[in-house]
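Here's a quick tour of a model, one piece at a time. Have the viewer open and follow along.

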Amino acid sequence: MKIELLDKLRQKNPIAFNISNFVTVQDVANGINAIGASPIMSEEENESEAMVNISHSVTVNLGAFTEGQLKQIAAVTKFANQYHKPIVLDPVAVGAVKYRLDRCNELLDNVDVAVIRGNAGEIAALADVEWQAKGIDAGEGDADLEAIAKALANKRNCVVVLSGKTDIITNGQAVIRVYNNTDLFKLHVGSGDMLSSIIGTFVAIEDDYFEAAQVAATVFATAGEIVANQMQVPLAGSFGPQLIDELHLISVADVEHTAQFD
Ligand SMILES: Nc1ncnc2c1ncn2[C@@H]1O[C@H](COP(=O)(O)OP(=O)(O)OP(=O)(O)O)[C@@H](O)[C@H]1O
Ligand SMILES: Cc1ncsc1CCO
Ligand SMILES: [Mg+2]
């Protein structure tokens, strides 16, 4: 794995355009900034082309969209394909709300995305596999997670990151697993949104999106583990800010020393 992409990211400081959600937008912006990219957010359809033009990648988070934003998302993603800017898609709660699943599938029918990052419930829904999602959370199911992730990657011709205790990353053929050694991520709403946006920063500087997604997931998992190891008592409220601090501090050597993947 090319962990040294972390240094390249900081050198290039790419502009990462995010259509975010109102719940976690600040953590997402600060996470992007901390790791070494430059976040920009917009909800205005009229500036879609200009925003895509100045950006190096586009991350679309479907966490809390309105009908008006669907038009903006359609415009932004069309321009992103036209100007060859990679798109990362976060299909929040598509496993729990059919309206979301339908809108998300319409989007995927119309644009090419580089990476889809979701939890098991979201990836299962997009792959048409039976699963009991629970709101924004993964929920329960007994389908084979690697098989679901591969099926979606092949269906949509993209890289899929299925996050969970073990992150499963696939281009439809090869699979890489990243092991998370802290469950504090689950106590922080928006960990998943942050991960998707961090993937957005790496696809901005690396054309091999499979490699970019692996490095992003590995750096993120390691940052969380370092924070968990430093906390005397595991606390949900302070995990988020410390995670942002660690995304700022973390080095290639830290990741190489701590990360677990195969
Ligand atoms: N059971 C778990 N143990 C350890 N880490 C986990 C676990 N589940 C998820 N994670 C990690 O938490 C982060 C968020 O992944 P998750 O699958 O919870 O996304 P999500 O459901 O979209 O989250 P959110 O809704 O909070 O944005 C990822 O970095 C993932 O690796
Ligand atoms: C809680 C919540 N509701 C819609 S989006 C969001 C943040 C996690 O994506
Ligand atoms: Mg999510």
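## Helix α1

Helix α1 spans residues 5–12, and its buried residues are L5, L6 and L9. Their directions from the axis take up an arc of only 105°, which means that they sit on the same side of α1. That fits the usual geometry: an α-helix has 3.6 residues a turn, so residues three or four places apart point the same way. Flip to the other side of α1 and you'll find D7 and Q11, which are exposed. Keep in mind that this is a predicted model.

What do the buried residues of α1 pack against? Their partners are α2 (25–35), α8, α9 and α11 (252–258). Right after α1 comes N13, which has a positive phi, near 45°.

## Strand β3 and its neighbours

Strand β3 covers residues 57–61, and five of its five residues are buried. Are its faces covered or open? Both are covered: S57, T59 and N61 are buried on one side, and V58 and V60 are buried on the other.

On to the pairing. Strand β1 (residues 15–19) runs parallel to β3, and four bridges join the two. If you want a pair to click on, F17 has V58 of β3 as its bridge partner. β3 also pairs with strand β4 (residues 87–90), again in the parallel sense and over four bridges. Here N61 is matched with D90 in β4. To get from β3 to β4, the chain passes through helix α4 (residues 67–82), and this β-α-β crossover is right-handed.

## Around ligand 1

How many residues surround ligand 1? There are 20, and the closest are N119, S163, N180, F185 and G192. The elements giving two or more residues to this shell are β7 (137–140), α8 (191–203) and α9 (209–230). The largest share comes from α8, with four residues.

By class, the shell around ligand 1 is a mix: seven nonpolar, seven polar and six charged residues. Two of its contributors, α8 and α9, also turn up among the elements that the buried residues of α1 pack against.

## Around ligand 2

Ligand 2 has its own set of surrounding residues: N21, V23, T24, G63, A64, V92, I136, V189, G190 and D193. Which classes do they fall into? Five are nonpolar, four are polar and one is charged.

How values were computed: Residues numbered from 1 in each chain as written. Chains lettered and ligands numbered in written order. Predicted model: local features only at pLDDT ≥ 70, side-chain atom pairs only at ≥ 80, totals over all residues. Near = placed C-beta within 6 Å. Nonpolar A, V, L, I, M, F, W, Y, C, P; charged D, E, K, R; others polar. Buried ≥ 20, exposed ≤ 12 C-beta atoms within 10 Å, placed from the backbone. Arc of directions from axis to C-beta. Contact = placed C-beta atoms within 7 Å. Pairing = 2+ DSSP bridges. Right-handed = clockwise from strand over helix to strand, strands pointing away.
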